[in-house]
Amino acid sequence: MKKTKLKIAIAGAALVAAVATGTAMATSGSSAGSGAERTQTQAERGKQATPSVIKADGPNVFPHSLDYDPRSKTFFAASLKQGKVTAFGPDGKVRTHIDDPALVSAQAVKVDRERDRILVSNADYGIADRSHKDNPFKVAGVGSYDLKTGKQDWCVDLTAVTNDGRKHLISDVTVAPDGTTYAVDELTPTVFRIDRQGRAKVFLHEDLLQGKLDIPDFLDDVGMTAVEWVEGNQLIISMADGSLVRVPVDNPEETRKVKLDKPLSSPPAGMELLKDGSITAVSSGLLTGKPAKVQHVKPRDGWKEATVSVTDTVEDPITSDITVGPGGTKYALSGGLAQFLAGKPNDGFTLTPVKTG
């Protein structure tokens, strides 16, 4: 069988991940005060307060995305392999929360705390337990599930909305304050809008969102990778080439690239909106085997411009998402994507605390 560049990159990334400790640069403890006793006490407290790496025990879960619910103190992670959504706490003990036969590969997961639900994007890489193995990337959808019970509210088929016969991959979803869901397609320049009842339509089809990154012998024209709703009723969309696009929801025809002082490392894999209105993003080392980069994106002039700075790295190159967890700690997710794409088993996944600014 022909060896592709993708397989070489994955093998290299997997090797790096196996050798590395899987930890990022840890945040330091509290600075010492005056007096030996006080210094020791503060040092001990600082050591205790330093977040630890979370080792989750979910075999063959292979999550690509996660989110956190502070009220129940629970992480939720989507499974590419099993098509399920798992729940776990800081102890890393994983349990199944959503098991909907309609989900093939659960790609993105978003907790909508205002409406007590979880939004999950549906995809098919052709290698999941429920895959249509001879027809990959022909499943694309979004489901809404009860936050407490995991019961389905609705699950919409977005391929039926486009009816174009093309490959689709719903890479991420976000929720506006009014409950409207926006979903981005990694393989076509399409943004979908889904109301609270699960009624979907094409919100935007824009050439500026057309993908330009090719993954040899795997996927061509990879485009939108993540999306966040931000103040000003706008969508900020990360592109696989490291650019950002701003979409005014009320005037989508005014979609423009965000003017960055430098691009995000390519490809960006996941984003998280921070309390101050800035964004933290993690870029995967999938194609290079180098450590994943955590970057802070600080907007100016209503997101017409932004500055990008690297705030941390994660030794595991295949790091695919970032979320705010207990106590405001930011965690980067390493879900074993390289092993998943290579058809190898996995006994769990890792959340690494990272600095975001």
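In this predicted model, residue E272 is buried, with a relative accessible area of 12%. That value places E272 in the buried class because the class takes in residues under 20% relative accessible area. The residue belongs to strand β21. Leaving aside residues up to four places away in sequence, E272 touches E228, S278, I279, T280, I322, T323 and V324. One of these contacts spans a good stretch of chain: E272 and V324 are 52 residues apart in sequence, yet their C-alpha atoms are 7.6 Å apart in space.

E272 also leads to the largest pocket, where it is among the residues nearest the centre, together with K110, R113, E228 and L273. This pocket holds about 820 Å³ of space and is lined by 29 residues. At least two lining residues come from each of β2, β6, β10, β16 and β21. Sorted by class, the lining has 12 nonpolar, five polar and 12 charged residues.

Turning to enclosed space, three cavities of 30 Å³ or more were counted. The largest cavity has a volume of about 310 Å³. Of the 22 residues that line the largest cavity, H64, E186, P267, L286 and L337 are the closest to its centre. Strands β14 (213-215), β15 (219-222), β21 (268-273) and β25 (319-324), along with helix α4 (337-342), each contribute at least two residues to that lining. In terms of class, the lining of the largest cavity comprises 15 nonpolar, six polar and one charged residues.

The second largest cavity contains about 160 Å³ of space. It has 22 lining residues, with S65, V109, D172, M271 and D321 nearest the centre. Two or more residues of this lining are provided by each of β2 (63-69), β6 (105-112), β10 (170-175), β16 (224-230), β21 and β25. Here the classes divide into nine nonpolar, seven polar and six charged residues.

The nonpolar interior comes next. The largest nonpolar core has 18 residues, and those with the most contacts inside it are L80, Y125, F137, L169, V222, L337 and F340. Elements β14, β15 and α4 each supply at least two residues of this core, and α4 gives the most, with four residues. L80 offers a good view of the surroundings: beyond residues up to four places away in sequence, L80 touches V61, F62, H64, V104, S105, A106, Q107, Y125, A128, L337 and F340. Among these partners, L337 and H64 are also among the residues closest to the centre of the largest cavity. A second, separate core has 16 residues, including A176, Y182, F203 and V247.

Across the whole protein chain there are four helices and 27 strands. Of the 357 residues, 54% are buried. Among contacts with a separation of 6 or more, 52% join residues 24 or more positions apart. The accessible surface of the chain comes to about 15,800 Å², and carbon and sulfur atoms account for 49% of that area.

Key: Residues numbered from 1 in each chain as written. Predicted model: local features only at pLDDT ≥ 70, side-chain atom pairs only at ≥ 80, totals over all residues. Heavy atoms only, no water. 1 Å grid on protein atoms, 1.4 Å probe; cavity = no way out; pocket = protein on both sides within 12 Å on 5 of 7 lines; lining within 4 Å. Points joined across faces, edges and corners; volume = space filled by probe spheres on them. Nonpolar A, V, L, I, M, F, W, Y, C, P; charged D, E, K, R; others polar. Buried < 20%, exposed > 50% of the residue type's maximum accessible area, 1.4 Å probe, protein only. Contact = heavy atoms within 4.5 Å. Areas by Shrake-Rupley, 256 points an atom, 1.4 Å probe, with all protein chains shown as cover. Core = buried A, V, L, I, M, F, W, Y, C linked by side-chain atoms within 4.5 Å.
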